[in-house]
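Me: I should like to examine the reasoning behind several descriptions of this model. Please set each value against its criterion before concluding.

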Amino acid sequence: MKFRGKMTELLCMKQFSNIIATIAKLAKLCVVRITKDMLYFIIVDGNVTVGKPMVWSVLEQTHFFNEYNMAGVSEEQNEIFLEFEPDVMAKSLNSLRVSNGAKSVKIKLTNKKSPCLTFEIQLSELLHSRVCVHDIPVTVLPRREWSTLQEPRIPDFNVSIQLPSLKLLRTVAERMKTLSPYIILLANHDGTLILKIETAEATVSTHFKDLPVENAGGAGDSSDEFFSARVDVKKFVQFLTCEQVNPNKVVCNILDDQMVAMFLVHEDVTLHYFLPVIAS
C-alpha cells in the first residue's frame, strides 16, 4: 500500500488548501479515500444517520497533481482509506494559501512510528530553497469499514435551485440563528428561495427571487408550488463557509420534508453536503 503525489501549480495548491480548510470547518474528523483517478473527502455525521455521509467531496487527481502514484490494499481493491483531523492538516497547509508561498508540495503515505500523510512543502524564497515537512497522523481504515463510506445515493429531488451569494446567505442565516435552532428552506420552480424561521413569538422570512432552476419539475408540479425542509441552522451556516472554495455555482436540492442536499461545483471539484430534515 503506497501513495505519493506532487503539485506544482500555484492555483491548484491554493485550491487544495482551501478545500481542506473548508472541510476543517465542517467536522473534527474526515476520511480521505484514495483511488487511481480520484481523491474523495468524506465526513460521516454519526449523530444523525449512522453510516450516511454528510459530506462527499470529489477531486479529480489529474487536475491537481503533476505526479501521482498509488497502490491500494490489493489489485482487486485498489483503494486506500485514511482517517485524519482536517484542522491539523489545514494548519500545516497555510503556506499554500498565500500567493507565491510555495513552489511545490509533495504528499506521501509514510510510517513514522505510526502511519502519516507527510507533506514536503518547498517554500518560495529569493536566496535559497527551504523545505518544510509536516507529518499528519492518520488511521488506516480496515476493509470491513469501507461499506459505510461509499458514495451516497442521490434521490430525485422535488426542486433544484442555484443559490445566491453564500456570503449574503450566511449573513441572513447568522441573524436567524440567534432566534431559532432550526431554519426552513423553501424553493419552487419559479426561481424563488425562502429562508424562514418560526418561533412562538414571530415568523421571520427572507425571499430571493429569479434564481436559476436546475430541473424542470415533475409532472403535476406547478412553478409556484413550494417544497420545503426544516434543518439545523448551525449545520446550514457551517456549509455557507464553503465560499472560500470560490465555486462556479452552488445548487440547493430539496426533497420535500425529507432532505436538503447542497452541491458545490468548481471545475474538477464537487462537494455534496447532505442535511437531514428535523421533524417539527
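Me: How do the residues of the lining of the largest cavity divide into nonpolar, polar and charged?

Reply: In this predicted model, the lining of the largest cavity comprises 12 nonpolar residues, no polar and no charged ones. Phe, Val, Ile, Leu and Met count as nonpolar, and the lining consists of Phe3, Phe16, Val32, Ile34, Leu39, Phe41, Phe65, Phe84, Met89, Ile107, Leu117 and Phe119. Two or more lining residues come from each of strand S2 (30-34), strand S3 (38-44) and strand S8 (115-123).

Me: What makes this space a cavity, as opposed to a pocket, and what is the volume of the largest cavity?

Reply: The term cavity applies where a 1.4 Å probe fits but cannot get out, whereas a pocket is an open set. The structure holds one cavity of 30 Å³ or more, and the volume of the largest is about 80 Å³.

Me: How do you know that the length of helix H1 agrees with expectation?

Reply: The expected span is 1.5 Å times one less than the number of residues. Helix H1 (residues 10-26) has 17 residues, for which 24 Å is expected, and its first and last C-alpha atoms lie 25 Å apart; the two values are close.

Me: Why is H1 called mostly covered?

Reply: A residue is buried when its relative accessible area is under 20%. In H1, 13 of the 17 residues are buried, and the helix is therefore described as mostly covered.

Me: What makes Lys113 noteworthy in its backbone, and why is Lys113 called exposed?

Reply: Most residues other than glycine have a negative phi. Lys113, which is not a glycine, has a positive phi of about 70°. Its place is in the loop between strand S7 (102-111) and S8. Exposed means over 50% relative accessible area; Lys113 has 90% relative accessibility and therefore counts as exposed.

Me: Where does Asp210 lie, and why does Asp210 count as exposed?

Reply: Asp210 is found in the loop between S14 and S15. Its relative accessibility is 72%, and because the threshold for exposed is over 50%, Asp210 counts as exposed. Its phi is also positive, near 60°, although the residue is other than glycine.

Me: What makes S14 and S15 edge strands?

Reply: The open sheet is formed by four strands in the order S14-S13-S12-S15, with antiparallel pairing. Strand S14 (203-208) and strand S15 (227-232) each pair on one side only, and they are the edge strands. From one strand to the next, the twist averages 20°.

Me: How do you know that S13 and S14 pair?

Reply: Pairing requires at least two bridges between two strands. Strand S13 (residues 193-198) is joined to S14 by six bridges, so the two strands pair, and they run antiparallel. One of the bridges matches Leu195 with Thr206 in S14.

Me: What joins S16 to S11 and to S17?

Reply: Strand S11 (residues 159-162) and S16 share four bridges and run antiparallel; Gln162 stands opposite Val251 in S16. Seven bridges join S16 to strand S17 (residues 259-266), again antiparallel, and Asn253 has Ala261 in S17 as its bridge partner. Both counts satisfy the requirement of at least two bridges. The hairpin of S16 and S17 has three residues between the strands, and Asp257 there takes a positive phi near 60°.

Me: Why is S16 called mostly covered?

Reply: Strand S16 (residues 249-255) has seven residues, six of them buried. Since buried means under 20% relative accessible area, the strand is therefore described as mostly covered.

How values were computed. Residues numbered from 1 in each chain as written. Predicted model: local features only at pLDDT ≥ 70, side-chain atom pairs only at ≥ 80, totals over all residues. Heavy atoms only, no water. Buried < 20%, exposed > 50% of the residue type's maximum accessible area, 1.4 Å probe, protein only. 1 Å grid on protein atoms, 1.4 Å probe; cavity = no way out; pocket = protein on both sides within 12 Å on 5 of 7 lines; lining within 4 Å. Points joined across faces, edges and corners; volume = space filled by probe spheres on them. Axes fitted to C-alpha atoms, helices over the stretch in contact; angles between N-to-C directions.
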